[in-house]
Amino acid sequence: MTKTQTLPLKQETDIVIIRQRVRKAAEEARLGLVSQTKIVTAASEIARNALIYGGGGQCLIELANRDGRAAVRLVIADQGPGIADIERALVDGYTSGSGLGLGLSGSRRLVDEFDLKSQPGAGTTVELWKWK
Amino acid sequence: MSVSQLAELLKQNEEQILDKWLSAQRAAGIRFDLIDERNVQDNSRDLLKAVIMALAQDADDFDAPAWKPLKAQLERLSRTQARQGFSASETATFVFSLKEPLFELIQNQSQYDNRVDLVWLVNKLVDKLGLFSVEYYMAGREAVIREQQESLLELSTPVVQLWDGVLAVPLIGALDSNRTQIVMESLLQKIVETESDIAIIDITGVPTVDTMVAQHLLKTITAAKLMGARCIISGIRPQIAATIVHLGVELGDVVTKSSLADAFKLSLKELNVRLVGNAR
């Protein structure tokens, strides 16, 4: 597998493909089974957010290195309406749609580093890190 | 003008070109396991006719309407070949092998002093057609892939009756499609039909449980509860359990068991069924 790959995120089936690729990358980075499942689940959450609320975008998957440890880095970006109140969006149970409201906050707990950048009208970019 | 000149030349030598083209194809190798000689001949003849027709309209711009019938024909051909299992290069070779007989023909026309122009024209034309055929071939392949993706998503998951009053749904694969909805609805339907008290939802075969999957599960469990049936979730693997906890999903008072067998045992116990082995 290449070290970096960018996948489109336009339809529901793209999420399935992203999950599979992230799992593969996590296996390649030799993450433990629990860590693999966590980063895959986080990718699934964020990708679905980008698709449903952001109208689609793309997902970058990278086999990276963090302080000498093998890591998987994901950057999921959309060009949607953005998030007005990031702090509120990260509260457990808050949703602007019909979900459980745990996608963003839950994903933050699933990964080792979570970085959310968003501006109203300028889309949302989420960076996720999971290392060994 | 060289385009009309070329059209005239091709028209006069149509049979000869066709023969040579076919032998060039044979030399490159025809997949007789996928297509028979008759079809190859018919396809080649039709395509050559379409080329001549397009050229005769003196259009050297491939986007011009004169080229439409030819493109349509090429599209049909390439898409069919994609479905029949031809490789991309085999599909392209069909078109590219037209070059040799055309070059040869032009070379023999010593009366023309613009042979280089004609060769260049033919070269551009055949290259373009080759690219088109590859593009259409890819489109055909993509259509096949999409169909397969959809049929995979629609793989139905059966609701099975394990015991009088006990149903089970072994869920398999990604659960974030409409498929989940269908499965869950059929479970509720089956609960009514069989008047079951207990439904076991087995997620051993579900690779990822995210909030959407969890939400689907919780909704189904609530709906089943309203209908007087209890649900047991089985097959939660350790890594899935850890993930659910970190996600913050509350399963509330949902009964969970690590395996389908355990869930089945529990349901028999709740129904006051005792299995008795043969005493020896």
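Colleague: Which strands form the open sheet in chain B, and in what order?

Modeller: This is a predicted model, and in it five strands of chain B line up as β1-β2-β3-β4-β5. The pairing is mixed.

Colleague: What makes β1 and β5 of chain B edge strands?

Modeller: Count the partners. β1 (160-163) and β5 of chain B each have a single partner strand, so one side of each has no neighbour in the sheet. As for twist, neighbouring strands here are turned by 30 degrees against each other on average, ignoring direction.

Colleague: How do you know that β3 and β4 of chain B pair?

Modeller: Pairing takes at least two bridges between the strands. Strand β3 (residues 198-205) of chain B is joined to β4(B) by five bridges, so the two count as a pair by that rule. They run parallel. For one spot to look at, find A199(B), which stands opposite C231(B) in β4(B).

Colleague: And what joins β4(B) to β5 (residues 255-257) of chain B?

Modeller: Three bridges, and again the strands run parallel. Two spots to look at: S234(B) stands opposite K257(B) in β5(B), and I233(B) stands opposite T256(B).

Colleague: Why is the crossover from β3(B) to β4(B) called right-handed?

Modeller: Turn the model until the strands point away from you; a path that runs clockwise from the first strand over the helix to the second is called right-handed. The chain goes from β3(B) through α9(B) to β4(B), and this β-α-β crossover is right-handed. From β4(B) through α10(B) to β5(B), the crossover is right-handed as well.

Colleague: Why is strand β4 (residues 230-234) of chain B said to be largely enclosed?

Modeller: A residue is buried if 20 or more other C-beta atoms lie within 10 Å of its own. Four of the five residues of β4(B) are buried, so the rest of the structure largely encloses the strand.

Colleague: What does helix α11 (residues 260-270) of chain B touch?

Modeller: Helix α11(B) packs on the sheet and touches β1, β2 (166-172), β3, β4 and β5 of chain B. Its direction makes about 170 degrees with that of β3(B).

Colleague: Now the chain contact: how many residues come from each chain?

Modeller: Chain B gives 18 residues and chain A gives 23. On the chain B side, α9 (211-226) and α10 (238-247) each supply at least two residues. The largest share there, six residues, belongs to α10(B).

Colleague: What kinds of residues make up the side of chain B that touches chain A?

Modeller: Seven are nonpolar, nine polar and two charged.

Definitions and conventions:
Residues are numbered from 1 along each chain as its sequence is written. Chains are lettered from A and ligands numbered from 1 in the order in which they are written. This is a predicted model: local features need pLDDT of at least 70, side-chain atom pairs count only at pLDDT 80 or more; totals for chains, interfaces and linings use all residues. Two residues are in contact if their C-beta atoms, placed from the backbone, lie within 7 Å. Ala, Val, Leu, Ile, Met, Phe, Trp, Tyr, Cys and Pro count as nonpolar, Asp, Glu, Lys and Arg as charged, and the others, Gly among them, as polar. A residue is buried if 20 or more other C-beta atoms lie within 10 Å of its own, exposed if 12 or fewer, and partly exposed in between; C-beta atoms are placed from the backbone. Axes are lines fitted to C-alpha atoms, for helices over the stretch in contact, and angles run from 0 to 180 degrees between N-to-C directions.
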